[in-house]
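Colleague: I've got this model open and I'd like to learn how to read it. Can you walk me through some helix packing?

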Amino acid sequence: MTLRTESLDATRFGTTARILHWLMAVLIVVMIFVGAAMVGYLGDYSLLLHIHKSVGLAILVLAVIRIGNRVLHKPPPQIDTLSRPERFVATGSEILMYTLFLVQPIVGWCLVSASGIPIQIVGGFRIPAIAPTDAGVYATLRTLHSVLAYVLLAAFVAHICAVLFHAMLLRDKLLRRMTFPVLRR
């Protein structure tokens, strides 16, 4: 049994980029379910909110690391099967998602700060407030946070649909750029 070599594979993203991508994907899916449970008042709301804050902070930290990694390590070239308009859309959606990965948690942080409730995450750690306590600011940020959540959900679903289209219908190895080599006998 051998592990396919990827050290010279210029068609794949680097290992760090792939790990960060999949970690964030899992956290985004967790956030979708936790957010839906919060909106639907399903379960222990305070526990869900605690998880939501912790995962949101983790997404923010990973997004910063991911952007730093992207700046330091050039991504592989886009695949040849993408037309010029598709490349434009792919780049635009990527920029949108990276922006949302940063903005959404920061808006959430400001929202909780404006509520005046101390920000406590998993492990009992407290995070400093970054916005003044203000009911009007809180209301505005809550609406903005909700709108951004729906935009992120739409972008995430569109991303998954585009990847599935390429993987299942075009079979152009787009997904391979972000996956890990498999063991072969």
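Colleague: How do helix α2 and helix α3 pack, and at what angle?

Modeller: Keep in mind that this is a predicted model. For a helix pair, look at the angle and the spacing of the axes. Here α2 (residues 45-72) and α3 (residues 84-115) pack at about 140°, and their axes lie 9 Å apart. Angles over 145 degrees would count as roughly antiparallel, so this pair is called oblique. As for handedness, α2 passes α3 in a left-handed crossing.

Colleague: Which residues in α2 meet which in α3?

Modeller: To read a contact, list the residues on each side. From α2 you have K53, G56, I59, L60, A63, V64, R66, I67 and R70, and they meet E94, Y98, F101, L102, P105, I106, W109 and V112 of α3. Sorted by class, that contact holds 12 nonpolar, one polar and four charged residues.

Colleague: Which residues in the largest nonpolar core touch the most other members?

Modeller: With a core, look for the members with many neighbours. This one has 22 residues, and M24, I28, I59, F101 and L141 touch the most other members. Two or more residues each come from α1 (15-39), α2, α3 and α4, with α3 giving the largest share, seven residues. Take F101: leaving out residues up to four places away in sequence, F101 touches M24, I28, I59, L60, A63, R66 and L152.

Colleague: And where is A162?

Modeller: A162 sits in helix α4 (residues 135-170). Its relative accessible area is 37%, so A162 is partly exposed. Sequence distance is another thing to check: A162 and A90 are 72 residues apart along the chain, with 9.2 Å between their C-alpha atoms.

Note on methods. Residues are numbered from 1 along each chain as its sequence is written. This is a predicted model: local features need pLDDT of at least 70, side-chain atom pairs count only at pLDDT 80 or more; totals for chains, interfaces and linings use all residues. Side-chain values use heavy atoms; hydrogens and water are left out. Helices (H or I, at least four residues) and strands (E, at least two) are DSSP runs, numbered from the N terminus. Buried means under 20% relative accessible area, exposed over 50%, partly exposed in between (1.4 Å probe, protein chains only). Axes are lines fitted to C-alpha atoms, for helices over the stretch in contact, and angles run from 0 to 180 degrees between N-to-C directions. Angles under 35 degrees count as roughly parallel, over 145 as roughly antiparallel, 65 to 115 as roughly perpendicular and the rest as oblique. A crossing is left-handed if the near helix is turned anticlockwise from the far one by less than a right angle, and right-handed if clockwise. Contact means heavy atoms within 4.5 Å. Ala, Val, Leu, Ile, Met, Phe, Trp, Tyr, Cys and Pro count as nonpolar, Asp, Glu, Lys and Arg as charged, and the others, Gly among them, as polar. A nonpolar core is a set of buried Ala, Val, Leu, Ile, Met, Phe, Trp, Tyr and Cys residues joined through side-chain atoms within 4.5 Å.
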